[in-house]
Amino acid sequence: MQKSEKEEMIKELSDKFQRTQTAIVAEFSKLDVETVTKLRKKFREAKVDYKVIKNTLAKRAAKGTSVEVISDDFKGPVALAISYDDVIAPAKILTEFIKDLETIKIRSAVVQGKKIDVEGVKALAKMPGLTELRGQLLGMLNQPASMFVRTLSAPGSQLARVLQAHSEQAESK
């Protein structure tokens, strides 16, 4: 790789690291093409970048960004899962995917500028994602409104039932 290509790659990685909300460093070994393809597909669907990185270039690109706190883990064959929006998505996907695999291991992560370890990533993966949180919030907002509507309609329906019973009673006489 020529020097100009390296500089371009460092600049591109640095731009990505500037926008990063979550970055997870994963060590991998002996992965077959099918496994990597499945993992990349899951990441793509969640709008998460998955990059196998050249360690020296990534360390240089991480300087001055939030990713710098995990740059010590850029040793050996590693990949980065980078999310720009959803903080939880890469942790969920990666921990779910590696349950049955021994060829991928999480080393560390940075979440909104704070370094977390493997246990932190696992805890993050157990949290509800952005879509689940939105659904829960919407449900909580709708609950008082639906209870209010039921409360308002209850006296009217009770009155209607009383009138119906009264008219049925009058007809039977």
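Student: What makes strand β1 (residues 22–28) and β3 a pair, and in which sense do they run?

Tutor: DSSP must find at least two bridges between two strands for them to pair. β1 and β3 have six bridges and run in the antiparallel sense, so they count as paired. One of the facing pairs is Ala26 with Ala79 in β3. Before we go on: this is a predicted model, where local features need pLDDT of at least 70 and side-chain atom pairs pLDDT 80 or more, while totals for chains, interfaces and linings use all residues. Residues are numbered from 1 along each chain as its sequence is written, and side-chain values use heavy atoms, with hydrogens and water left out.

Student: How many bridges join strand β2 (residues 48–52) to β3?

Tutor: Five, and these strands also run antiparallel. Tyr50 stands opposite Ala81 in β3. Strands here are DSSP runs (E, at least two residues), as helices are (H or I, at least four), numbered from the N terminus.

Student: Why is β3 called largely enclosed?

Tutor: Buried means under 20% relative accessible area, exposed over 50%, and partly exposed in between (1.4 Å probe, protein chains only). Six of the six residues of β3 (residues 78–83) are buried, so the rest of the structure largely encloses this strand. Val78, Leu80 and Ile82 point one way, with Ala79, Ala81 and Ser83 pointing the other.

Student: Why is the pair of Phe43 and Tyr50 called stacked?

Tutor: Happily, there is one aromatic pair in the whole structure to look at. Its ring centres are 5.4 Å apart and its planes are at 20°, so the pair of Phe43 and Tyr50 is stacked. The rule for rings of Phe, Tyr and Trp (its six-membered ring) asks for centres within 6.5 Å; planes under 30 degrees apart count as stacked, over 60 as edge-to-face and the rest as tilted.

Student: How do you know that Phe43 and Tyr50 are buried?

Tutor: Phe43 has 0% relative accessibility, so it counts as buried. Tyr50 has a relative accessible area of 11%, so Tyr50 is buried too.

Student: And why does Lys30 count as exposed?

Tutor: Its relative accessible area is 79%, so Lys30 is exposed. Lys30 sits in the loop between β1 and α2 (33–45), with a positive phi near 55°. Lys47, in the loop between α2 and β2, has phi near 60°. With a relative accessible area of 68%, Lys47 is exposed.

Student: What makes Leu137 partly exposed?

Tutor: Its relative accessibility is 46%, so Leu137 falls in the partly exposed class. Leu137 lies in helix α6 (residues 130–172).
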